[in-house]
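The following paragraphs lead the reader through one structure, beginning with its sheet and moving outward to its helices. Please keep the sequence and the model in view while reading.

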Amino acid sequence: MKIGLIGLAKSGKTTLFNLLTGSSIATARYDSGRAELHTGMARVPDPRVDRLAALFKPRKTTYATFEVVDLAGIAKGERAGLDTKEFRNADALLHVVRAFADEALGAPAPKRDIEDLETELILADLEVIERRLERLEASIKKQRKDAEVREQAILARLKTDLEGETPLRAVALTPDEARVTRGFTFLSQKPILHCLNLDEKAIGEGARGVERFGLEAIAAGAWTRIGWVSAVIEAEVAQLAGDEQRAFLAELGLKEPAIHRVLSDCYALLGAPGLRTRRAPSTRTSAEASFAPR
Ligand SMILES: Nc1nc2c(ncn2[C@@H]2O[C@H](COP(=O)(O)OP(=O)(O)OP(=O)(O)O)[C@@H](O)[C@H]2O)c(=O)[nH]1
Ligand SMILES: [Mg+2]
């Protein structure tokens, strides 16, 4: 499974990427502001695998892994970065939403940021549809092919939905429509986890993020979930192991390391009851299945 990290600038994407993949890529305060793309694997920590490995000492221990892609932040109205192949074929989007105050950016406004990001996804899809519709129209004018006429009708309908600000993940498709749309890798069609990146001091309020930031309507959307992290401090937790990690977690009042929470949110997102004709998420291993919704 592949997860695309997405978000407005300086929301904490690279910090979360490092946390999930165990990398140590420089976060924005230090880097040059160059647009970069990072990819890595998140290893799903599974205590059962560790226990079995300790018992049987196999030559190789296999953990469930996730591929994670970290994009440079996108700004409102500037979404060229979204047109990256590694990103377009992600199975789900993990939207890192700034919920901490920043010297330069000011107080957090998660609801506004989520709406702005959604608008960019919708506009990106509209561009793709408009370009394809132009080609189809020219082609049909030359020679009328039934398949193209059908595709034209389907895309015209999706265009209307997008123009009404409905993301494609909330549009019910017939199997035929789903088949036609699949190849476009529409961004607003991907399941999305809005992950509130909280200030360290608010770490105990993670579960109340929806009410605190007025996200009820967003949370009710199809193929949508709201989760949380406090990326900087939780990345520190992730560096520790065993008893030391457990002690730090207890001090913060946390039950589990962030990677468990975030990845189980991703699984819950992909397994969410939603629209009938969505392509099933790629096959799961049994270790992965343990991260299904509890
Ligand atoms: N207070 C606080 N600051 C954070 C948190 N997460 C990230 N930051 C800070 O926000 C800044 C940006 O973090 P990055 O992880 O580089 O953000 P990004 O979204 O990758 O940034 P771009 O790639 O430039 O868009 C860094 O200085 C982080 O230390 C957090 O949970 N709390
Ligand atoms: Mg970054």
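Two strands are said to pair if DSSP finds at least two bridges between them. Helices (H or I, at least four residues) and strands (E, at least two) are DSSP runs, numbered from the N terminus. This is a predicted model, in which local features need pLDDT of at least 70 and side-chain atom pairs count only at pLDDT 80 or more, while totals for chains, interfaces and linings use all residues. Residues are numbered from 1 along each chain as its sequence is written, and chains are lettered from A and ligands numbered from 1 in the order in which they are written.

The sheet is a suitable place to begin. It is open, has 6 strands in the order β2-β3-β1-β4-β5-β6, and shows mixed pairing. Its edge strands, β2 (38–43) and β6 (224–229), each pair on one side only. Direction ignored, neighbouring strands are turned by 25° against each other on average; here axes are lines fitted to C-alpha atoms, for helices over the stretch in contact, and angles run from 0 to 180 degrees between N-to-C directions.

At one edge, β2 runs antiparallel to β3 (residues 65–70), and 6 bridges join them. In this pair, His 38 stands opposite Asp 70 of β3. Further along the sheet, β4 and β5 run parallel and are joined by 7 bridges, with Leu 93 opposite Ile 192 in β5. Strand β5 is also parallel to β6, through 6 bridges; the bridge partner of Leu 193 in β6 is Arg 225.

How many residues of β5 are buried? A residue counts as buried if 20 or more other C-beta atoms, placed from the backbone, lie within 10 Å of its own, as exposed if 12 or fewer do, and as partly exposed in between. By this criterion, 7 of the 7 residues of β5 are buried. In a regular strand the side chains alternate between the two faces of the sheet. Both faces of β5 are covered, with Ile 192, His 194, Leu 196 and Leu 198 on one side and Leu 193, Cys 195 and Asn 197 on the other.

A nonpolar core is a set of buried Ala, Val, Leu, Ile, Met, Phe, Trp, Tyr and Cys residues joined through C-beta atoms within 7 Å. The largest one has 56 residues, of which Ile 3, Leu 5, Ala 92, Leu 94, Cys 195 and Cys 266 touch the most other members. Helix α11 (residues 258–270) gives the most to this core, with 8 residues. Two residues are in contact if their C-beta atoms, placed from the backbone, lie within 7 Å. Leaving aside neighbours within four places in sequence, Leu 94 is in contact with residues including Ile 3, Leu 5, Cys 195 and Cys 266.

Among the helices, α1 (residues 13–21) and α9 (residues 231–239) have axes that come within 9 Å and cross at roughly 20°. The two are therefore roughly parallel, a term for angles under 35 degrees. Their contact involves Thr 15, Leu 16, Asn 18 and Leu 19 of α1, and residues of α9 including Ala 231 and Val 232.

Other helices offer further detail. Ile 154 lies in helix α5 (residues 146–163) and is partly exposed, because 19 other C-beta atoms lie within 10 Å. Helix α10 (residues 242–252) is hardly covered, as 0 of its 11 residues are buried.

Definitions and conventions
Angles under 35 degrees count as roughly parallel, over 145 as roughly antiparallel, 65 to 115 as roughly perpendicular and the rest as oblique.
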